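Visitor: I should like to learn how to read the features of a protein model. Please begin with charged pairs and then proceed to metal sites and empty space.

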Amino acid sequence: MSGPVTADDATADAACGAPDAETVEITESRESHVGAFAVRRALPRRGRRTVGAWCFVDHMGPAAITEDRGLDVAPHPHIGLQTVTWLFEGEAVHRDSLGTEQVISPGQLNLMTAGHGVAHSEEGTGSYRGNLQGVQLWVAQPSATRNGAPAFEHHGDLPRVDLDDAVATVLVGELDGVASPARRDTDHLGIDLDLRPGATTVPLRADFEHALVVFTGAVNIADQTVTPGHLAYLGLGREQITLSTVETSRALLFGGVPFDEPVLMWWNYVARDRQEIVQAHADWMAASERFGRVESTLPRIEIGPPPWTR
Ligand code: MN
């Protein structure tokens, strides 16, 4: 669940999309591919690069893992971001240049901090057969930590909050006084919502901007319906939101204090300017120690230089 970001996802300029007041703006996700898997990329988009510090959202699958076809995202680099991986179905193995090898299953969270540079792969377990479905998000790191050391965390058990007709799992941040143990370098929130038919009010922070992605079912906000393959941008200034469903549904609500630093994304890099990306990519292609080595049988992913240098 790497996310090669191209100019189709976000232009390489500073037009991030300023936060809006309370709103419900629904846009269609873009079909893309990561490894052999189809994904629905909800973020980034032209005109909306970030929601809080969240800068990338891929809904992956559901897709069948077979003997011939697995999740084979070969070793690739990252800088300046955290990857947040959360599965609904199936299993995968994370391997990184810190020496980590970690199986992830539904209900567990993998969080990798890239800082100045890290490399990882995301692969099948070799034994699992069945559907794989999940989400991978990226969080832009602030200047205070983005040039720091890489790190990895696995959380096998995350706190849950019972709401009206839903159970919220707090992946990152704090909901209703209940905090996730996951590392957080900015003030942001990510919750998985398991919604039963009915209506649920979720307490929010008015100084956050928020967005919602639906994975299964359909979620109504006021008179609008959000279905899989869409992003609902909810804006700033909400102290709560009421979500209603007529069928069992699953969604991710995420947000944060608007990210006030410029974000430039190309391929797997989150930076502030083009030169940082050019340097990172030169270091990756030269197999520099900056990104270390991933113990994987898959060959490292190598691609040409950024388009503006060609
Ligand atoms: Mn990745």
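Guide: Side chains of opposite charge can pair when their charged atoms come close. In this predicted model, D185 and R183 form such a salt bridge, with 2.8 Å between the closest N and O atoms.

Visitor: Are D185 and R183 buried or exposed?

Guide: Neither term applies, since the range from 20% to 50% relative accessible area counts as partly exposed. D185 has 21% relative accessibility, so D185 is partly exposed. R183 has a relative accessible area of 24% and is likewise partly exposed.

Visitor: With which residue does R184 form a salt bridge?

Guide: The partner of R184 is D187, and the closest N and O atoms are 3.0 Å apart. R184 is partly exposed at 35% relative accessibility, and D187 is partly exposed at 30%.

Visitor: Which residues are linked with R184 and D187 in a network of salt bridges?

Guide: The network links R184 and D187 with R205 and D207.

Visitor: How many salt bridges does the count give?

Guide: The count comes to 15 salt bridges. One of them joins R41 to D58, with the closest N and O atoms 2.8 Å apart. R41 belongs to strand β3 (residues 37-43) and D58 to strand β4 (residues 54-65), so this pair ties together parts that are 17 residues apart in sequence.

Visitor: What is the relative accessibility of R41 and of D58?

Guide: The cut-off for a buried residue is under 20% relative accessible area. R41 has a value of 1%, so R41 counts as buried. D58 is also buried, its relative accessible area being 3%.

Visitor: I should now like to turn to the metal. Which protein atoms are the donors of the manganese ion?

Guide: One looks for protein atoms that lie within 2.8 Å of the metal. Here the donors are the NE2 atoms of H76, H78 and H120, lying 2.1 Å from the manganese ion. As water is not among the atoms, the site may look incomplete.

Visitor: What spacing do the donors follow along the chain?

Guide: The spacing is H-x1-H-x41-H. Of these donors, H76 and H78 are both buried.

Visitor: How does one read polar contacts around a residue, for instance E123?

Guide: It helps to begin with the position of the residue and then to list its partners. E123 lies in strand β10. Its relative accessible area is 7%, so E123 is buried. The side chain of E123 makes a polar contact with the side chain of R95 at 2.9 Å. A further polar contact joins the side chains of E123 and S296 at 2.7 Å.

Visitor: How is empty space located in a model?

Guide: Rolling a probe the size of a water molecule over the atoms shows where empty space is left. For enclosed space, the count comes to one cavity of 30 Å³ or more. The largest cavity holds about 70 Å³ of space. Its lining comprises 13 residues, of which T85, H94, N110, E122 and Q136 are the closest to the centre.

Visitor: Which elements give two or more residues to the lining of the largest cavity?

Guide: They are β6 (81-89), β7 (92-96), β9 (109-113) and β10 (118-123). The element that gives the most is β7, with three residues. By class, the lining of this cavity has six nonpolar residues, six polar residues and one charged residue.

Visitor: What of the open spaces? How much space lies in the largest pocket?

Guide: The largest pocket contains about 180 Å³ of space. Among the 14 residues lining this pocket, E174, L175, L189, R205 and F208 are the closest to its centre. R205 thus appears again, having been named in the salt-bridge network. At least two lining residues come from each of β15 (174-175) and β17 (188-195). The lining divides into five nonpolar, four polar and five charged residues.

Visitor: What is the volume of the second largest pocket, and which residues line it?

Guide: The volume of the second largest pocket is about 160 Å³. Its lining consists of P75, A119, W284, A287, G292, R293, V294, S296, L298, P299 and R300. By class, seven of these are nonpolar, two are polar and two are charged. S296, which is in this lining, is also the residue whose side chain makes a polar contact with that of E123.

Key. Residues numbered from 1 in each chain as written. Predicted model: local features only at pLDDT ≥ 70, side-chain atom pairs only at ≥ 80, totals over all residues. Heavy atoms only, no water. 1 Å grid on protein atoms, 1.4 Å probe; cavity = no way out; pocket = protein on both sides within 12 Å on 5 of 7 lines; lining within 4 Å. Points joined across faces, edges and corners; volume = space filled by probe spheres on them. Helix = DSSP H or I, 4+ residues; strand = E, 2+ residues; numbered from the N terminus. Nonpolar A, V, L, I, M, F, W, Y, C, P; charged D, E, K, R; others polar. Salt bridge = Lys/Arg side-chain N within 4 Å of Asp/Glu carboxyl O. Buried < 20%, exposed > 50% of the residue type's maximum accessible area, 1.4 Å probe, protein only. Donors = N, O, S within 2.8 Å, 3.2 Å for Na, K, Ca; no water. Polar contact = N/O pair within 3.5 Å; in protein donor to acceptor, adjacent residues only side chain to side chain.
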